[in-house]
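Student: Please take a close look at one part of this model and explain how its helices pack, and then follow the chain outward from there. I would like one connected account rather than a list.

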Amino acid sequence: MGSQLVYGTKNFSLETDPLLACSCGHLKCDKRVVSLDTLEILQYMRDIRGKPMRVTSGGRCPYHPAEQGRTDTDHQLGIGVDIACTGDVERMELNKLAVAVDVDALGVYDNHVHLAWRDELPGVLWLGKSK
Ligand SMILES: [Zn+2]
């Protein structure tokens, strides 16, 4: 017996956040997972915030319904996560935090924010509609 190695960080792991991996259910799904680098930034945000952040989507394989006909998206590359939010106050709080930790891609939706770190300048911002 010893400590088991768990993929993730203090507050974000496959055990507590199974949606960090693709869960599309396709036979050919490779269940790809968000990168550890991305999770470490997310953890940093979580530490500053001091409140839970719920991942609603992380890694996605090309067979995921939201990825049809798309290549090299943040989700496919494992550098993007969607975080649930309810209401303008929480959305604003998450957006401010994301900017504070140098987010490169920020998608603002009514029920989640999309965050990705692409190492690109100047970054992209969009307003999306949840399906
Ligand atoms: Zn999949």
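Tutor: In what follows, helices are DSSP runs of H or I with at least four residues and strands are DSSP runs of E with at least two, both numbered from the N terminus. The model is a predicted one, and with those names in hand aspartate 102 can be placed in the loop between α3 and β3. Aspartate 102 has a positive phi of about 60° although it is not a glycine. Most residues other than glycine have a negative phi. At a relative accessibility of 57%, aspartate 102 counts as exposed, because the cut-off for that class is over 50%.

From this loop we can step back to the helix before it. Helix α3 covers residues 87-100, and its axis comes within 10 Å of the axis of helix α1, residues 36-49, the two crossing at roughly 125°. Angles from 65 to 115 degrees count as roughly perpendicular and those over 145 as roughly antiparallel, and α1 and α3 are therefore oblique to each other. The crossing in which α1 passes α3 is right-handed. On the α1 side the residues in contact are Met45, Ile48 and Arg49, and they meet Glu90, Glu93, Leu94, Leu97 and Ala98 of α3. Sorted by class, this contact holds five nonpolar residues, three charged residues and no polar ones.

Met45 also leads into the interior, as it is among the residues with the most contacts inside the largest nonpolar core, together with Leu42, Ile83 and Leu115, in a set of 21 residues. Two or more residues of this core come from each of α1, β2 (80-84), α3, β3 (105-108) and β4 (112-116). In soluble globular proteins, nonpolar side chains tend to be buried together. Leucine 42 gives a closer view: leaving out residues up to four places away in sequence, it touches Phe12, Met53, Val55, Val81, Ile83, Leu115 and Trp117.

Beyond α1 the chain enters the loop that runs to β1 (55-57), where glycine 50 lies. Glycine 50 is exposed, with a relative accessible area of 52%. Its C-alpha is 26 Å from that of leucine 127, which is 77 residues away in sequence.

Further along, the loop between β1 and α2 holds aspartate 72, a second residue to set beside aspartate 102. Aspartate 72 has a positive phi of about 55° although it is not a glycine, and at 60% relative accessibility it counts as exposed.

Helix α2, residues 74-77, contains aspartate 74, which is buried, with a relative accessible area of 6%. Not counting residues up to four places away in sequence, aspartate 74 touches Ile79, Gly80, Ala105, His114, Ala116, Arg118 and Trp126. Histidine 75 lies in α2 as well, and its 4% relative accessibility makes it buried. With neighbours within four places again left aside, the contacts of histidine 75 include Arg32, Ser57, Gly58, Arg60, Glu67, Val81, Asp82 and His114.

Histidine 75 also ties this account back to α3, since glutamate 90 is one of the α3 residues that meet α1. The C-alpha atoms of histidine 75 and glutamate 90, 15 residues apart along the chain, are separated by 23 Å.

Key: Residues numbered from 1 in each chain as written. Predicted model: local features only at pLDDT ≥ 70, side-chain atom pairs only at ≥ 80, totals over all residues. Heavy atoms only, no water. Axes fitted to C-alpha atoms, helices over the stretch in contact; angles between N-to-C directions. Parallel < 35°, antiparallel > 145°, perpendicular 65-115°, else oblique. Left-handed = near helix turned anticlockwise from the far one by under 90°. Contact = heavy atoms within 4.5 Å. Nonpolar A, V, L, I, M, F, W, Y, C, P; charged D, E, K, R; others polar. Core = buried A, V, L, I, M, F, W, Y, C linked by side-chain atoms within 4.5 Å. Buried < 20%, exposed > 50% of the residue type's maximum accessible area, 1.4 Å probe, protein only.
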